[in-house]
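Trainee: Mind if I pester you about the labels on this one? I'd like to know what stands behind each of them.
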Amino acid sequence: MTTPLDLARTLLRCPSVTPEEGGALRALGEALAAGGFAVEHVTFSAPGTPDVANLYARYGTASPCLVLAGHTDVVPPGEAEAWSHDPFGGEVADGLLYGRGAVDMKGAIAAMAAAALAFTQKEPGFAGSIAFLITGDEEGPAVNGTVKLLEWAKAKGERFDHCLLGEPTNPDALGDMIKIGRRGSLTGRLTVHGTQGHVAYPHLADNPIPHLLRLLRALLETPLDRGTPRFDPSNLEVLTVDVGNGATNVIPASARAAFNVRFNDVWTPATLRGEIERRLDEAAGGARYDMEFLPTNAAAFVTEPGPFVELVAEAVAGETGRRPALSTTGGTSDARFIKDYCPVIEFGLVGQTMHQVDERVPVTDLDRLAAIYRRVLDRYFAADSRVAGG
Ligand SMILES: N[C@@H](CCC[C@H](NC(=O)CCC(=O)O)C(=O)O)C(=O)O
Ligand SMILES: [Zn+2]
Ligand SMILES: [Zn+2]
């Protein structure tokens, strides 16, 4: 029997910092294949990005198909010496499992796999199928990951009914929160062009920095919105302001800034770009500038509560005694790609130590998360399930 802890330790020992596969998908694939899943490893490429390995596995061919999704890539550990345990050692101390990816999100993948393997062993002929959609490119550009894996699966005729993504969703304790949607994300780079000159002769120059400050103020001073029933207010954060002027007597030729907006369902990427351009035009006062937006496929979305959300919420409450909040807070996730194929919600571990030194998870949380996923599978494929196909 595969335990969540054993599989999590195996995965944590794989140094799968994006875009390295590090052995993690292979190890997961072996565990799933041993339990009767048909496992496929697929690598995607695109110019200017590293090749990325992904895994697709399926048990059964019948409908409904419940997808369990996630990523085995992890962010870098930073200075390994700062860790109290080897970030790729899979060590357990005082009931805590340490390692990069323990909560984000190898621990959840181990819990999903353990739950699915136990379920299929007990109910080998269940009415439906379970698919694993696991990428090695979530923490990176997300170009050769879930988005392409979904296209690839669709092209070969795979159809999905619902998806549960195992990102860390709980702020403080297991059972706190299910994510039923995500805000969108838009990054912009603003360059203001002035005229270089001598600081003692400013009338012969045009300093771009006051123009840049005025433009940034125009973006910041009026809130983009006040939030919506499902979403927090949108927030625009300035990421950097760069001039790079080392001289004490030169007015620089140009000044640059970058910003990122996390936006709600008041906006689409196009209408938000329009609003930003309108504000800049209004504030420019003749200043010359270039506004470049990075391509984004992260628009806000919500999976409206219904039987599937209720089923997962009941599974969480049944195991933890806590009724999870339904939230759209936090960053983006690969759910933004999956939502184009089937309803998707997210539930995983407690996120407090994700991306930190000494990322760790209580072993008891791993077991409880596996038990929650198992409840989801039991209810989803029960003969009287109100969810499947609905
Ligand atoms: N592949 C992403 C990378 C950025 C995703 C990142 N998401 C999180 O940090 C999730 C944390 C949470 O669940 O709240 C983000 O929001 O920037 C990309 O393509 O940008
Ligand atoms: Zn993650
Ligand atoms: Zn992450």
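Mentor: Sure, and let's begin with a rule: two strands pair if DSSP finds at least two bridges between them. Keep in mind that the model is predicted.

Trainee: How do you know that strand 5 and strand 19 pair?

Mentor: Strand 5, residues 96-98, is joined to strand 19 by 3 bridges. The rule asks for at least two, so the two strands count as paired, and they run antiparallel. Within strand 5, Leu 97 stands opposite Val 361 of strand 19.

Trainee: Why are strand 4 and strand 19 called edges?

Mentor: The order in this open sheet of 3 strands is 4-5-19, with antiparallel pairing. Strand 4 (92-93) and strand 19 (360-362) each have a single partner strand, so one side of each has no neighbour in the sheet. Helix 9, residues 363-380, lies across strand 4, strand 5 and strand 19, at about 70 degrees to strand 19.

Trainee: What makes Asp 73 buried?

Mentor: Count the C-beta atoms: Asp 73 has 27 others within 10 Å. The cut-off for buried is 20 or more, so Asp 73 is buried. You'll find Asp 73 in the loop between strand 3 (65-71) and strand 4. Its contacts, leaving out residues up to four places away in sequence, include Ser 16, Pro 19 and Glu 138.

Trainee: And why does Glu 138 count as buried?

Mentor: Glu 138 has 26 C-beta neighbours inside 10 Å; with the bar at 20 or more, Glu 138 is therefore buried. Glu 138 sits in the loop between strand 6 (129-135) and helix 4 (146-155), and among the residues it touches are His 71 and Asp 334.

Trainee: Which residues does UniProt list for "active site"?

Mentor: The unreviewed UniProt entry lists Asp 73 and Glu 138. They are spread over 66 residues of sequence, yet they cluster in space, with a largest C-alpha distance of 6.8 Å.

Trainee: How do the residues of the shell around ligand 1 divide?

Mentor: Into 1 nonpolar, 4 polar and 3 charged. Ligand 1 is surrounded by Glu 138, Glu 139, Ala 142, Glu 167, Gly 330, Gly 331, Thr 332 and Ser 333. Gly counts as polar here, so Gly 330 and Gly 331 go in that group.

Trainee: Last one: is Arg 159 buried, exposed or partly exposed, and why?

Mentor: Arg 159 has 13 other C-beta atoms within 10 Å. Exposed needs 12 or fewer and buried 20 or more, so Arg 159 is partly exposed. Arg 159 lies in the loop between helix 4 and strand 7 (162-165).

Methods. Residues numbered from 1 in each chain as written. Chains lettered and ligands numbered in written order. Predicted model: local features only at pLDDT ≥ 70, side-chain atom pairs only at ≥ 80, totals over all residues. Helix = DSSP H or I, 4+ residues; strand = E, 2+ residues; numbered from the N terminus. Contact = placed C-beta atoms within 7 Å. Axes fitted to C-alpha atoms, helices over the stretch in contact; angles between N-to-C directions. Near = placed C-beta within 6 Å. UniProt positions renumbered as here; feature names shortened; annotations may be inferred.
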